[in-house]
Amino acid sequence: MFLFFGVIAGALALAVILGGDVRRLSQIRVRRPELLLGAFGVKVVVALLGFSHAPAVIALARPLNVLGAVLLLVVVWLNRHLPGALLFGAGLSFNLVALLAFGGRMPVLLPDGIGGGSPALAALRQGLDPLHVVLSSPHGLWFIGDILTIPSLNGHYSVVSAGDVLMAAGIAWLILRVGLRRPAPRPAYRPTA
């Protein structure tokens, strides 16, 4: 999540520094916004179910996690005309394949020494995280899972997938292309005689 917030903030700042107008982002028209809201709604439900730590609830969260990704992929396809949409969709497709290969959860391969005594990591290792499954060693399609380590400002680390990086690049491309687009010139006013 930190990756996406960082990329969005960085792309917005870069667009402004380069003389763009990020207010143009409000002019983007998304096709089938109800599907987009549904995808985010499903993802929120999955995140809330994760607080339960009950095995039956976690089992319910896994197919919902896949459903949320599929809905979002449909929205991306319907809006493939937008700058960065196909790049975002490629990353989302990688993540969806990883989810399907690991039973609705994103595989995580942690480098040695990452995580320490984190409660989130403890829940992950106990199988109580509905969104992720920790791998003790590389197997299957592990290489499209969360394997890339990104340090954060507070000394902790985030682990992201190549799909996450592609999705973030797609978001940055959208922000920069729309924010830096020059407005069409207005026709000159010519008084009628």
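Helices and strands here are DSSP runs, at least four residues long for helices and at least two for strands, and they are numbered from the N terminus.

**View 1. The whole chain, to get your bearings.** What you're looking at is a predicted model. How many helices and strands does the chain have? There are 6 helices and 4 strands. Walk along the sequence and you'll meet them in the pattern α-α-α-α-β-α-β-β-β-α. The chain runs to 193 residues, and 33% of them count as buried. About 11500 Å² of the chain is exposed, with carbon and sulfur atoms supplying 69% of that area. Now take the contacts in the chain with a separation of 6 or more: 70% of them come from residues 24 or more positions apart.

**View 2. Helix α3 alongside helix α4.** Here we zoom in on α3, which covers residues 55-78, and α4, which covers residues 85-101. Their axes come within 10 Å and cross at roughly 160°. Angles over 145 degrees count as roughly antiparallel, and α3 and α4 are therefore roughly antiparallel to each other. Their crossing is left-handed. Which residues meet? On the α3 side they are N65, V66, A69, V70, L72, L73 and V76, and on the α4 side A85, F88, G89, L92, S93, L96, L99 and L100. Sorted by class, the residues of this contact come out as 12 nonpolar and 3 polar, with no charged ones.

**View 3. A closer look at G89.** Stay with α4, because G89 is found in this helix and, at 9% relative accessibility, counts as buried. Setting aside neighbours within four places in sequence, G89 is in contact with L73 and V76. Both of those partners belong to the α3 side of the contact with α4. For another landmark, find V75: it sits 14 residues from G89 along the chain, and the C-alpha atoms of the two are separated by 9.3 Å.

**View 4. Helix α4 again, this time with helix α6.** Helix α6 covers residues 162-180, and it packs against α4 at an angle of about 160°, with the two axes 7 Å apart. Like the previous pair, α4 and α6 are therefore roughly antiparallel to each other. The crossing of α4 and α6 is left-handed. From α4, the residues taking part are L87, F88, A90, G91, L92, F94 and N95; from α6, they are G163, D164, L166, M167, A169, G170, I171 and W173. This contact has 10 nonpolar, 4 polar and 1 charged residues. F88 and L92 may look familiar: they are listed in the contact of α4 with α3 and also in the contact of α4 with α6.

**View 5. A172 and its partners from far along the chain.** Is A172 buried or exposed? This residue of helix α6 is buried, with a relative accessible area of 18%. Leaving out residues up to four places away in sequence, A172 touches V7 and A11. I8 is worth finding too: although A172 and I8 are 164 residues apart along the chain, their C-alpha atoms are separated by 6.3 Å.

**View 6. R32, in the loop between α1 and α2.** The loop shown here links α1 (2-17) and α2 (33-49), and R32 lies in it. What is the phi of R32? It is positive, at about 60°, although R32 is not a glycine. At 43% relative accessibility, R32 counts as partly exposed.

Definitions and conventions:
Residues are numbered from 1 along each chain as its sequence is written. This is a predicted model: local features need pLDDT of at least 70, side-chain atom pairs count only at pLDDT 80 or more; totals for chains, interfaces and linings use all residues. Side-chain values use heavy atoms; hydrogens and water are left out. Axes are lines fitted to C-alpha atoms, for helices over the stretch in contact, and angles run from 0 to 180 degrees between N-to-C directions. Angles under 35 degrees count as roughly parallel, over 145 as roughly antiparallel, 65 to 115 as roughly perpendicular and the rest as oblique. A crossing is left-handed if the near helix is turned anticlockwise from the far one by less than a right angle, and right-handed if clockwise. Contact means heavy atoms within 4.5 Å. Ala, Val, Leu, Ile, Met, Phe, Trp, Tyr, Cys and Pro count as nonpolar, Asp, Glu, Lys and Arg as charged, and the others, Gly among them, as polar. Buried means under 20% relative accessible area, exposed over 50%, partly exposed in between (1.4 Å probe, protein chains only). Accessible areas come from the Shrake-Rupley method with a 1.4 Å probe; for residues, only the protein chains shown count as cover.
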